[in-house]
Amino acid sequence: MYKLEKKAVRKLKKEFKKLSQEDQDKAAFYIDKQDDNTYMWDFEIDDKRYRWTYVYKTGIS
């Protein structure tokens with residue numbers, strides 16, 4: 001894992017831990033996706049699909 005990917009995973013885990021323990025236990029994860037600008041987590045809780053995205057870079061300079 002390179003530096004930005006590690007940071008993205010750390011930040012997404014921190015947000016995920018804010019969910020209730022019950023929801024964390026129910027979460028069914030799918031394949032993580034990434035490209036040059038983002039890192040995404042897809043997961044499902046109670047038949048609701050979530051996609052959380054961590055943005056490495058934006059178009060704002």
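These legends walk through several close-up views of a predicted model.

**View 1. A positive patch on the surface, with Lys14 as one of its members.** Lys3, Lys7, Arg10, Lys11 and Lys14 together form a positive surface patch. If you look for Lys14, you will find it in helix 1, which covers residues 3–16. Lys14 has a relative accessible area of 56%, so it is exposed.

**View 2. A salt bridge between Lys18 and Glu15.** Here the two side chains meet at 3.0 Å, N to O. Lys18 counts as exposed because its relative accessibility is 60%. Glu15, with a relative accessible area of 37%, is partly exposed. This pair belongs to a structure in which a whole search finds 5 salt bridges.

**View 3. Strand 3 and its pairing partners.** Strand 3 spans residues 38–45 and is mostly covered, with 7 of its 8 residues buried. Strand 1 (residues 28–29) pairs with strand 3 in the antiparallel sense over 2 bridges, and Phe29 has Phe43 of strand 3 as its bridge partner. Strand 2 (residues 33–34) also runs antiparallel to strand 3, joined by 2 bridges. In that pairing, Lys33 is matched with Met40 of strand 3, and strands 2 and 3 form a hairpin with 3 residues between them. On to strand 4 (residues 48–55): 8 bridges join it to strand 3, again in antiparallel fashion. There, Arg51 of strand 4 is the bridge partner of Asp42.

**View 4. A buried acid meets a partly exposed lysine: Asp42 and Lys33.** The side chains of Lys33 and Asp42 form a salt bridge at 2.4 Å, N to O. Which of these partners is buried? Asp42 counts as buried, because its relative accessibility is 2%. Lys33, at 34% relative accessibility, counts as partly exposed.

**View 5. The turn at Asp46 and a salt-bridge network.** The hairpin of strand 3 and strand 4 has 2 residues between the strands, and in it Asp46 takes a positive phi near 50°. The side chain of Asp46 meets that of Lys26 in a salt bridge of 3.1 Å, N to O. Lys26 sits in helix 2 (residues 21–26) and Asp46 in the loop between strand 3 and strand 4, so this pair ties together parts 20 residues apart in sequence. At 51% relative accessibility Asp46 counts as exposed, while Lys26 counts as partly exposed at 36%. Glu22 joins in too: Glu22, Lys26 and Asp46 are linked in a network of salt bridges.

Terms used: Residues numbered from 1 in each chain as written. Predicted model: local features only at pLDDT ≥ 70, side-chain atom pairs only at ≥ 80, totals over all residues. Heavy atoms only, no water. Patch = residues over 30% accessible without salt bridge, like charges linked within 9 Å, V, L, I, M, F, W, Y side chains within 5 Å. Areas by Shrake-Rupley, 256 points an atom, 1.4 Å probe, with all protein chains shown as cover. Salt bridge = Lys/Arg side-chain N within 4 Å of Asp/Glu carboxyl O. Lys, Arg positive; Asp, Glu negative; His and termini not counted. Charge placed at Lys NZ, Arg CZ, Asp CG, Glu CD. Helix = DSSP H or I, 4+ residues; strand = E, 2+ residues; numbered from the N terminus. Buried < 20%, exposed > 50% of the residue type's maximum accessible area, 1.4 Å probe, protein only. Pairing = 2+ DSSP bridges.
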